[in-house]
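Reader: I'd like to see how the labels on this one are earned. Take me through them, with the cut-offs as you go.

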Amino acid sequence: MESVLLSLRGVSKSHWRGPHEVRVLSQVSLDVPEGNVVSVWGTRGAGKTTLLEIAAGLQSADQGIVSFRGEDLSKMSDGQRTVLRGRHVGLVRRAGPRSDLRVIDHVALPVMAEHSERSALRCAASALDRVGLSGCAKQRWRSLSDGERALVSIAHAIVRQPALLLVDDPTMALDTVDRETVSELLRSLADCERIGALVTTPDMPAVMHSHEIRSLSGGRLLAPPKDTLLPGKVIEFPGGDGASGTGASSG
């Protein structure tokens with residue numbers, strides 16, 4: 001039986017814009033088992049990044065429970081949550097390094113404090129090989145294509161061999177080939193390394209390699225009917241306020 005890495009139960013979150021309360025998440029419940037890619041599709045501003053940051057313990061929910069391997073994040077100190085992220089969770093973001101490091105040095109950064117420089121660079125080389133970018137190790141971030149940057153960001157996240165990946169818009173602005181490469185890599189990491197992944201994206205075709213698909217709209221997390229996930233079917237989310245009728249085929 002697959003163990004659940006990340007669990008959200010009844011999570012709600014609001015932001016204030018002046019005197020007005022804006023509900024971003026409303027009673028969101030979700031499980032991410034080990035070895036599964038769970039993708040959350042939604043338009044820009046739907047609350048996907050807020051969802052990921054709450055899952056990572058970087059934001060607190062107004063109500064509800066977020067737990068990692070059964071441990072409630074709200075009962076941990078800031079330090080304990082930082083340790084949890086450092087040891088078990090890989091955050092995949094596309095921002096890149098602030099300085100113009102070599103790619104291998106950027107990927108090695110998360111393990112520099114725990115390893116010698118030589119060992120950290122070996123770990124980084126292994127992570128780059130896993131994402132198919134061994135040949136880019138000595139390049140600089142500015143010289144990479146958008147697709148290569150997406151893959152380097154994943155290498156940066158998996159260099160510590162986390163149990164869970166939290167991935168924010170990994171295929172943003174990518175062409176069809178690069179989008180497919182990134183999506184297949186995330187699926188491979190789940191299938192081969194048993195990593196769990198929570199992926200958010202505004203790009204419906206990017207979710208097609210996922211084990212589970214959800215739609216975030218109006219603060220609510222919706223699931224398509226099970227029979228729409230068969231090959232050749234069109235995915236339609238019930239009551240999605242714009243998320244339904246996407247025209248994306250699952251085959």
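Reader: Which helices and which strand each supply at least two residues of the lining of the largest pocket?

Author: That would be helices H2 (78-88) and H5 (146-158), plus strand E6 (89-92). The labels are DSSP runs numbered from the N terminus (helices are H or I, at least four residues; strands are E, at least two). Keep in mind that this is a predicted model, where local features need pLDDT of at least 70, side-chain atom pairs count only at pLDDT 80 or more, and totals for chains, interfaces and linings use all residues. Residues are numbered from 1 along each chain as its sequence is written, and side-chain values use heavy atoms, with hydrogens and water left out.

Reader: What makes a residue part of the lining of a pocket?

Author: On a 1 Å grid over the protein atoms alone, a pocket is an open set of points where a 1.4 Å probe fits, with protein on both sides within 12 Å along at least five of seven lines, and a lining residue has an atom within 4 Å of a point. For the largest pocket, 19 residues line it, and Leu91, Arg93, Pro110, His156 and Arg160 lie nearest its centre. The volume is about 490 Å³, counted as the space filled by probe spheres set on the points, which are joined across faces, edges and corners.

Reader: How do the residues of that lining divide by class?

Author: Eight are nonpolar, six polar and five charged. Here Ala, Val, Leu, Ile, Met, Phe, Trp, Tyr, Cys and Pro count as nonpolar, Asp, Glu, Lys and Arg as charged, and the others, Gly among them, as polar. So Leu91 goes in the nonpolar class and Arg93 in the charged one.

Reader: Which residues lie nearest the centre of the second largest pocket?

Author: Ile158, Gln161, Pro162, Glu193 and Ile195, out of a lining of 16 residues. The elements giving two or more residues are helix H4 (117-130) and H6, and H4 gives the most, with four. This pocket holds about 260 Å³ of space, and its lining divides into nine nonpolar, two polar and five charged residues.

Reader: Why is strand E8 called mostly covered?

Author: Buried means under 20% relative accessible area, exposed over 50%, and partly exposed in between (1.4 Å probe, protein chains only). In E8 (residues 196-201), six of its six residues are buried. Gly196, Leu198 and Thr200 point one way, Ala197, Val199 and Thr201 the other way, and all are buried.

Reader: How do you know that E3 and E8 pair?

Author: Two strands pair if DSSP finds at least two bridges between them. Strand E3 (residues 37-41) and E8 have five, in the parallel sense, and Ser39 is bridged to Val199. Strand E7 (residues 164-168) also runs parallel to E8 over five bridges, with Leu166 partnered by Leu198. From E7 the chain crosses through helix H6 (residues 176-193) to E8, in a right-handed β-α-β crossover; with the strands pointing away from the viewer, that path runs clockwise.

Reader: How do E4 and E5 fare against that rule?

Author: Strand E4 (residues 63-68) and E5 are joined by two bridges, running antiparallel, so they meet the minimum of two. Phe68 has Glu71 as its bridge partner. They belong to an open antiparallel sheet of four strands in the order E2-E1-E4-E5, where E2 (20-33) and E5 (71-72) are the edge strands, each pairing on one side only.

Reader: Why is Arg69 called partly exposed?

Author: Its relative accessibility is 46%, so Arg69 falls between the buried and exposed limits. Arg69 lies in the loop between E4 and E5, with a positive phi of about 50° although it is not a glycine. Arg194, in the loop between H6 and E8, also has a positive phi, near 65°; at 36%, Arg194 is partly exposed.

Reader: What makes the largest nonpolar core a core?

Author: Such a core is a set of buried Ala, Val, Leu, Ile, Met, Phe, Trp, Tyr and Cys residues joined through side-chain atoms within 4.5 Å. This one has 37 residues, and Val107, Leu128, Val131, Val152, Ile154 and Leu165 touch the most other members. Helix H3 (103-108), H4, H5, E7, H6 and E8 each supply at least two residues, with the largest share, seven, coming from H5.
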